[in-house]
Amino acid sequence: MWVFDATPLIYLAKVEQLEIVSALDGTCYIPDRVYAEVVTTGLEEGYPDARRIEQRVDAGVLEVVSTPDSPLWDRLQDNPRLSDADVSVLVCADQFDATAVMDEAAGRTAAAVEDIKTKGTAYLVLSCTKNGHLPVADARETIDAMVDAGWHCAPDLYAKIVKKLDSFDN
């Protein structure tokens, strides 16, 4: 199971690669607070990627879930580096024993402290490529297009992603 934060959904939607989400094994959840941030607000502000994400929810690829009250929620709410949406992702991942899909360091650090599994957007692209759901050339185009669209990827991470994609091509 997977619980999605905003950034992976936004950038996969910007580059029209949300089918990567469809290729994942297990249920894909989007917490209600992430949905409100990404889809509701995104539609109000006219972002086409918000509509693409809404369509995946309508198609049943992503399931919107409520964030339960829990001691973990109370504890993480005190972290000024985490938004309500970040906390919601981590609480839902913990509740469903799922992997939190998030790119931001603060969320991943909090997840590590709480023993919650995380993966990032790059992992999804690489995994789908390795499993044959996305050709190597398309994966490289996806990564490059996300960077062009504003997705933050440190140069050393970008080099590792390209090297890994090149290894799939051999």
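Thr99 lies in strand S4, and in this predicted model Thr99 is a convenient place to begin. With a relative accessibility of 10%, Thr99 counts as buried. Once its neighbours within four places in sequence are left aside, Thr99 is in contact with Met1, Trp2 and Val3, and also with Ala93, Lys117, Thr118 and Lys119. Two of these contacts, Trp2 and Lys119, lead on to the aromatic residues.

By the rule applied here, the structure holds two aromatic pairs. In one of them, the rings of Trp2 and Tyr123 have their centres 6.4 Å apart and their planes at 35 degrees, so this pair is classed as tilted. The pair links distant parts of the chain, since Trp2 belongs to strand S1 (residues 2-4) while Tyr123 belongs to helix H8 (residues 121-130), and the two are 121 residues apart. Trp2 is buried, with a relative accessible area of 11%, whereas Tyr123 is partly exposed, at 34%. The other pair is formed by Tyr29 and Phe96, which are stacked, with 4.4 Å from centre to centre and 15 degrees between the planes. This pair, too, links distant parts of the chain, with Tyr29 in strand S2 (residues 28-31) and Phe96 in helix H6, 67 residues apart. Tyr29 counts as buried, its relative accessibility being 9%.

Tyrosine rings also take part in arrangements with lysine. Lys119, already met as a contact of Thr99, lies over the face of Tyr123, at 4.7 Å from the ring centre. Elsewhere, the charged end of Lys14 sits over the ring of Tyr11, at 5.9 Å from the centre of that ring.

From the rings we can turn to the interior. In soluble globular proteins, nonpolar side chains tend to be buried together. Here the largest nonpolar core has 57 residues, and the members that touch the most other members are Phe4, Ile53, Leu62 and Leu90. Helix H6, which covers residues 84-96, gives the most to this core, with seven residues. Phe4 shows how such a residue brings together separate stretches of the chain: not counting residues up to four places away in sequence, Phe4 touches Leu9, Val21, Leu24, Cys28, Tyr29, Ile30, Pro31, Val34, Leu62, Val89, Val101 and Leu124. Among these is Tyr29, the residue that stacks with Phe96.

Leu124, another residue touched by Phe4, leads to helix H8, which is mostly covered, with eight of its 10 residues buried. The buried residues of H8 are Thr121, Ala122, Leu124, Val125, Leu126, Ser127, Cys128 and Thr129. They pack against several elements, namely strand S1, helix H1 (6-14), helix H2 (19-22), strand S4 (99-101), helix H9 (136-148) and helix H10. Just after H8, Gly132 takes a positive phi of about 85 degrees.

Two of the partners of H8, helices H1 and H10, can be followed through single residues. Thr7 is found in helix H1 and counts as buried, at 16% relative accessibility. The side chains of Thr7 and Glu104 are joined by a polar contact of 2.4 Å. With neighbours within four places in sequence set aside, Thr7 is in contact with Asp103, Glu104 and Trp151. In helix H10 (residues 155-168) one finds Ser167, which is partly exposed, with a relative accessible area of 38%. The side chain of Ser167 reaches the backbone oxygen of Lys164 at 2.6 Å. Ser167 and Lys130 are 37 residues apart in sequence, yet their C-alpha atoms are 9.7 Å apart in space.

What, finally, does a search of the whole structure for disulfides find? It finds zero disulfides, and the distances between sulfur atoms show why for two of the cysteines. The sulfur of Cys92 has its closest cysteine sulfur in Cys28, at 14 Å, which is too far for a bond, since a disulfide would require the two sulfur atoms to be within 2.5 Å. Likewise, the sulfur of Cys153 is 17 Å from the closest cysteine sulfur, that of Cys128, and so it too is too far for a bond. Cys92 counts as buried, at 0% relative accessibility, and Cys153 also counts as buried, at 14%.

Methods
Residues numbered from 1 in each chain as written. Predicted model: local features only at pLDDT ≥ 70, side-chain atom pairs only at ≥ 80, totals over all residues. Heavy atoms only, no water. Core = buried A, V, L, I, M, F, W, Y, C linked by side-chain atoms within 4.5 Å. Buried < 20%, exposed > 50% of the residue type's maximum accessible area, 1.4 Å probe, protein only. Helix = DSSP H or I, 4+ residues; strand = E, 2+ residues; numbered from the N terminus. Contact = heavy atoms within 4.5 Å. Phe/Tyr/Trp six-rings, centres within 6.5 Å; stacked < 30°, edge-to-face > 60°. Lys NZ or Arg CZ within 6 Å of the ring centre and 35° of its normal. Polar contact = N/O pair within 3.5 Å; in protein donor to acceptor, adjacent residues only side chain to side chain.
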